[in-house]
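This report looks at how helices, strands and nonpolar residues are arranged in the structure shown here. It begins with helix packing and then turns to the strands and the cores.

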Amino acid sequence: MNDATLTRQYPPQPSQKKVFFVRDFQGFGERYGIDYRFPLLASPHQADAPVLQGDVEEIALAPGISVTHSDVQVLQPYETFSRYSSPLYTLVVLEGCVVLTLNGQEYVVRAGMAFSSSLYEHQTMNARHTAECKLKTLSLGVYPGDAWRNGMLDSLLREWEMHGPSTFVWQVPGFLLSGLAHVRQSKAHGVARQLMLEGLMLQLLGQGLSARQENAQRSGVPVRCEQHRLERVRELLESAPERDYSLAELAAQAAMSPSSLRSKFRQAYGCTVFDYLRDCRLALARRYLLEGHSVQHAAWISGYQHATNFSTAFRRRYGVSPGNIRPGG
């Protein structure tokens, strides 16, 4: 993803300057499913090689919003390959430049710009970082949860889903950049600082939604109807992946022809309908394995008729055999 990926998993804490080594990256990758590549290292096992140094801070704002601010110096080039899930993710670059690749499309995010997208586990987002560059970024994630259902964030996500392609780069208004700089330099702390940040993050989300609406109007995409119908199919697959589906049945749900559903689903979500269904089944099976179910039973109740086919697909998706998954692990 970006440099903020390294700290998103940490509990909220004061800003601190530290050096991140290869061994830190290896630990993050094992725990959170992120792959890192270091092109200049002779061996990926040089655990004591420094990668970057800087200050990081993670803050949990209103229920359903997580913010990570990072101010780092990259000591050697590296790439990240991550599967990160958030119905609305925004990366603001305050200094430097971040190059992201998602669904085969490259996005260059320079200082004063933001990258926004709806991200799903079946997608891989890649970011490249060059040596000696200075990066200041703000990473904002919105996450589903009962705490905000039927509230403002729920309305935001509903609007977000109705306006065509969800991945784009946009210019952050100057008044917001000034506000972010003011909060970073302010001596305010505790509740006062959190309230200032929360207000700025809500404005940022509003500006992102407005930018998306303008993009949809310029492109002439039939946004509300079509995207809503595609999202209905995706939610059906995610909520009941164990069921048997045919393309014709799903196309009827979307009020499209099978060929239209096939092409439009791939365009919207970066994979085929049945690749998405497979990933949902595997994620469900993994939860059952962690709960203590046998491999055969987890495969069967997740929609797989043959444990052998399940084991092969599981190993390709997660890199380990389902028999190696331990309850509670």
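## Helix packing, strands and cores

In this predicted model, helix α7 (residues 247-254) and helix α8 (residues 258-269) cross at roughly 80°, and their axes come within 8 Å of each other. Angles of 65 to 115 degrees count as roughly perpendicular, and α7 and α8 are therefore described as roughly perpendicular to each other. On the α7 side the contact is made by L247, A248, L250, A251 and A254, which meet P258, L261 and R262 in α8. Sorted by class, the residues of this contact are seven nonpolar, no polar and one charged.

A second helix pair is formed by α9 (residues 273-290) and α11 (residues 307-318), which pack at an angle of about 95° with their axes 10 Å apart. This pair, too, is therefore roughly perpendicular. Here D279, L282, A283, A285, R286 and L289 of α9 meet F310, A313, F314, R317 and Y318 of α11, and the residues of the contact divide into eight nonpolar, no polar and three charged.

Turning to the strands, β4 (residues 65-74) is mostly covered, with nine of its ten residues buried. Strand β4 pairs with β3 (residues 50-60) and also with β11 (residues 134-142), as the table sets out.

| Strand pair | Sense | Bridges | Residues standing opposite |
|---|---|---|---|
| β3 (residues 50-60) and β4 | antiparallel | nine | L52 and V74 |
| β4 and β11 (residues 134-142) | antiparallel | nine | D71 and K136 |

Strands β3 and β4 also form a hairpin, in which four residues lie between the two strands, and G64 in the turn has a positive phi of about 100°.

As for the nonpolar interior, the largest nonpolar core has 31 residues, and those with the most contacts inside this core are F25, F38, L100 and F115. Apart from it lies another core, of 29 residues, which includes I59, V67, L197 and A211. What does F115 touch, once residues up to four places away in sequence are not counted? The contacts of F115 are with Y89, T90, L91, L100, L102, Y107, V109, M125, T167, F168 and V169. Among these partners is L100, which is itself one of the residues with the most contacts inside the largest nonpolar core.

Technical notes
Residues numbered from 1 in each chain as written. Predicted model: local features only at pLDDT ≥ 70, side-chain atom pairs only at ≥ 80, totals over all residues. Heavy atoms only, no water. Core = buried A, V, L, I, M, F, W, Y, C linked by side-chain atoms within 4.5 Å. Buried < 20%, exposed > 50% of the residue type's maximum accessible area, 1.4 Å probe, protein only. Contact = heavy atoms within 4.5 Å. Pairing = 2+ DSSP bridges. Axes fitted to C-alpha atoms, helices over the stretch in contact; angles between N-to-C directions. Parallel < 35°, antiparallel > 145°, perpendicular 65-115°, else oblique. Nonpolar A, V, L, I, M, F, W, Y, C, P; charged D, E, K, R; others polar.
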